[in-house]
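Reader: Please take me closely through the nonpolar core of this model, and then through the charged pairs and backbone features that accompany the elements building it.

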Amino acid sequence: MGTVLALVLGVGCGGGRADFIGGRAKDTCDAEWPVCSQVAGCILGQESYMEGRLPGKGQFIVQLKEASTVKVRFYLEDVVAAGEETVVTFHEEGCRSRTRETVSGRAALDSAEKLGEFNREADLTGVGDHLVEFESDMQARYVLKVEVASLRNR
C-alpha cells in the first residue's frame, strides 16, 4: 500500500515538488540561532525551505515585523505510513505563549493526496523571532516552507 500512496502523491493534482518549492532556496538548517532558551538550526521565510525525513521532529525560526498568520506547508514524498499524529507548535516571541495544531496521520495524508500538501497555521501577534516546532510519526520525506500574511490585511 505504501507504494500506491507514493505513486498517488507523485502524480497528485497539487503540482510537483518543483512547483511547491518555486524560486525558494534550500536551507540546510545547520546553523545555531538562539531562541526561547534553546537553539534552532534555521530561520525560514518567504524565500527559503527545508527538507527532511519523518518520523522525527524539527524546529526553525520565523521572524515577524508585525502580527501575522504563519502557515507551515508540508509537501510529502515516498510515504510509507501515515502514522498517528503530526503536531506543529507555534510560539510567540520569547515563548510567552504557544498554539499547538494537531492533525491525525490519516487526515494529513488525505490532504496531501488531494491537494499535494498539508498545512497548519496560527496567528502570532508578537514582533521578533518565533520558534516553530513540528513532530510526526509519519514515515515519509518532506519539503517544508512557510508563508506569512499580515493580520492587518484581512
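Author: In this predicted model, the largest nonpolar core has 30 residues, and those that touch the most other members are M50, F60, F74, L76, F134 and L144. At least two residues of this core come from each of β4, β5, β6 (85-91), α3 (105-115), β8 and β9, and the largest contribution is that of β9, which gives 7 residues. As a general matter, nonpolar side chains in soluble globular proteins tend to be buried together.

Several of the elements that supply the core also carry charged residues, and these are best followed pair by pair. Side chains of opposite charge can pair when their charged atoms come close. By the rule applied here, the count is 13 salt bridges.

Strand β5 (residues 68-81) takes part through K71, which forms a salt bridge with E121, the closest N and O atoms being 3.9 Å apart. Because E121 lies in strand β8 (residues 118-124) and K71 in strand β5, this pair ties together parts that are 50 residues apart in sequence. Both partners are accessible to a degree: E121 counts as partly exposed at 36% relative accessibility, and K71 is likewise partly exposed, with a relative accessible area of 24%.

A second bridge from β5 joins R73 to E147, with 2.2 Å between the closest N and O atoms. This pair, too, links distant parts of the chain, since R73 sits in strand β5 and E147 in strand β9 (residues 128-150), 74 residues apart. R73 has a relative accessible area of 15%, which is under the 20% limit, and therefore R73 is classed as buried. E147, on the other hand, counts as partly exposed at 27% relative accessibility.

Strand β4 (residues 48-64) enters the picture through E51, whose side chain meets that of R17 in a salt bridge, at 2.3 Å from N to O. Here the link runs between strand β4 and helix α2 (residues 17-21), where R17 is found, and it spans 34 residues. E51 is partly exposed at 30% relative accessibility, and R17 is partly exposed with a relative accessible area of 25%. These two residues also belong to a network of salt bridges in which R17, K26, E51, E77, D78 and R141 are linked.

Strand β4 has a backbone feature of its own as well: the peptide bond from L54 to P55 is cis, with omega near 10 degrees, and P55 has its place in this strand. For context, most peptide bonds are trans, and most residues other than glycine have a negative phi. Two cysteines depart from the latter tendency, for C29 has a positive phi near 55 degrees and C36 has a positive phi near 50 degrees. C29 is found in the loop between β1 (25-26) and β2 (33-35), whereas C36 lies in the loop between β2 and β3 (38-40).

To return to strand β9, the element that gives the most to the core, one of its residues is E135. E135 is partly exposed, with a relative accessible area of 47%, and together with E84, E85 and D137 it gathers in a patch of negative charge on the surface. Strand β9 thus holds residues of the nonpolar core, the salt-bridge partner E147 and E135.

Notes: Residues are numbered from 1 along each chain as its sequence is written. This is a predicted model: local features need pLDDT of at least 70, side-chain atom pairs count only at pLDDT 80 or more; totals for chains, interfaces and linings use all residues. Side-chain values use heavy atoms; hydrogens and water are left out. A salt bridge is a side-chain nitrogen of Lys or Arg within 4 Å of a carboxyl oxygen of Asp or Glu. Helices (H or I, at least four residues) and strands (E, at least two) are DSSP runs, numbered from the N terminus. Buried means under 20% relative accessible area, exposed over 50%, partly exposed in between (1.4 Å probe, protein chains only). Patches are made of residues with over 30% relative accessible area and no salt bridge: like charges are joined within 9 Å, nonpolar side chains (Val, Leu, Ile, Met, Phe, Trp, Tyr) within 5 Å. Accessible areas come from the Shrake-Rupley method with a 1.4 Å probe; for residues, only the protein chains shown count as cover. Lys and Arg count as positive and Asp and Glu as negative; His and the chain ends are not counted. The place of a charge is taken as NZ of Lys, CZ of Arg, CG of Asp or CD of Glu. A nonpolar core is a set of buried Ala, Val, Leu, Ile, Met, Phe, Trp, Tyr and Cys residues joined through side-chain atoms within 4.5 Å.
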